[in-house]
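Welcome to this guided tour. Open your viewer, get your selection tool ready, and let's go from stop to stop together.

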Amino acid sequence: MHILDQLAQTVAERASADPESSWTAKLLAKGPAKCAEKFGEEAVEAIIEAVRGDKERLASEAADTLYHMLVMLQASDVPFQAVLDELARRQGMSGIAEKAARKT
């Protein structure tokens with residue numbers, strides 16, 4: 001199992017945990033909007049580190065971003081597999097062609 005699959009599974013399992021003992025459960029209890037906000041904060045922090053050129057901090061912030069993306073997906077009832085399926089659908093397609101094929 002890939003590490004992101006494992007993390008997604010852990011996030012799903014923690015959804016039913018006690019928010020007093022699990023950061024993931026605490027975030028999920030706040031709902032999709034708060035989870036999306038936290039994802040955005042982490043993404044901005046990753047952007048800042050990329051601009052600064054701090055590779056070690058960027059790796060750390062990218063890990064935080066991926067975790068919070070999975071929490072946001074869980075809060076929104078979107079299975080991680082749906083994201084993987086979408087990536088698989090796009091495999092072998094140029095970015096320009098994929099973007100042109102999107103519905104507006």
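**Stop 1: Lys26**

Begin by selecting Lys26, which sits in helix α2, residues 23-29. Keep in mind as you look that this is a predicted model. Is Lys26 buried, partly exposed or exposed? Its relative accessible area is 37%, so Lys26 is partly exposed; to be called buried, a residue has to be under 20%.

Now add Arg52 to your selection. How far apart are Lys26 and Arg52 in space? From C-alpha to C-alpha the separation is 31 Å, while along the sequence Lys26 and Arg52 are 26 residues apart.

**Stop 2: the whole chain**

Zoom out and show the protein chain as a cartoon. You can find six helices and zero strands. Walking from the N terminus, the order of elements reads α-α-α-α-α-α.

Turn the chain around to view it from several sides. Along its principal axes, the C-alpha trace spans about 45 × 35 × 30 Å. Next, switch on the surface: the accessible surface comes to about 7,100 Å², and carbon and sulfur atoms account for 57% of that surface. How much of the chain is buried? Of the 104 residues, 23% are buried.

Contacts tell you how the chain folds back on itself. Take the contacts between residues at least 6 apart in sequence: 51% of these join residues at least 24 apart.

**Stop 3: helices α3 and α4**

Two numbers will help at the next stops. A pair of packed helices is described by the angle between their axes and the distance between those axes.

Select α3, residues 32-52, and then α4, residues 55-75. The axes of α3 and α4 are 8 Å apart, and the angle between them is about 160°. That angle makes α3 roughly antiparallel to α4, since the cut-off for this label is over 145 degrees. The crossing of α3 past α4 is left-handed.

Show the side chains where the two helices meet. On the α3 side, look for Phe39, Glu42, Ala43 and Ala46, among others. On the α4 side, the residues include Glu61, Thr65, His68 and Met72. What kinds of residues make up this contact? There are 13 nonpolar, two polar and seven charged residues in the contact of α3 with α4.

**Stop 4: Thr65 and His68**

Stay on α4 and select Thr65, which belongs to this helix. With a relative accessibility of 13%, Thr65 counts as buried. Setting aside neighbours within four places in sequence, Thr65 is in contact with Phe39, Glu42, Ala43 and Ala46.

Move along to His68, also found in helix α4. Is His68 buried or exposed? The relative accessible area of His68 is 5%, so this residue is buried. Which residues does His68 touch, leaving out its neighbours within four places in sequence? They are Trp23, Leu27, Lys38, Phe39 and Glu42.

**Stop 5: helices α1 and α4**

Keep α4 selected and add α1, residues 3-14. The axes of α1 and α4 come within 10 Å and cross at roughly 45°. The two helices are therefore oblique to each other. Here α1 passes α4 in a right-handed crossing.

Bring up the side chains once more. Leu4, Leu7, Ala8, Val11 and Ala12 from α1 meet Leu66, Tyr67, Leu70, Val71 and Gln74 from α4. By class, this contact has nine nonpolar residues, one polar residue and no charged ones.

**Stop 6: Asp77**

Follow the chain into the loop between α4 and α5, where you can select Asp77. This residue is not a glycine, yet it has a positive phi of about 60°. Is Asp77 buried or exposed? Asp77 is exposed, because its relative accessible area is 67% and the cut-off for exposed is over 50%.

**Stop 7: Asp85**

For the last stop, select Asp85 in helix α5. Its relative accessibility is 44%, so Asp85 counts as partly exposed. Finally, add Ser22 and draw a distance between the two C-alpha atoms. Asp85 and Ser22 are 63 residues apart along the chain, and their C-alpha atoms are separated by 29 Å.

Conventions:
Residues are numbered from 1 along each chain as its sequence is written. This is a predicted model: local features need pLDDT of at least 70, side-chain atom pairs count only at pLDDT 80 or more; totals for chains, interfaces and linings use all residues. Side-chain values use heavy atoms; hydrogens and water are left out. Axes are lines fitted to C-alpha atoms, for helices over the stretch in contact, and angles run from 0 to 180 degrees between N-to-C directions. Helices (H or I, at least four residues) and strands (E, at least two) are DSSP runs, numbered from the N terminus. Angles under 35 degrees count as roughly parallel, over 145 as roughly antiparallel, 65 to 115 as roughly perpendicular and the rest as oblique. A crossing is left-handed if the near helix is turned anticlockwise from the far one by less than a right angle, and right-handed if clockwise. Contact means heavy atoms within 4.5 Å. Ala, Val, Leu, Ile, Met, Phe, Trp, Tyr, Cys and Pro count as nonpolar, Asp, Glu, Lys and Arg as charged, and the others, Gly among them, as polar. Buried means under 20% relative accessible area, exposed over 50%, partly exposed in between (1.4 Å probe, protein chains only). Accessible areas come from the Shrake-Rupley method with a 1.4 Å probe; for residues, only the protein chains shown count as cover.
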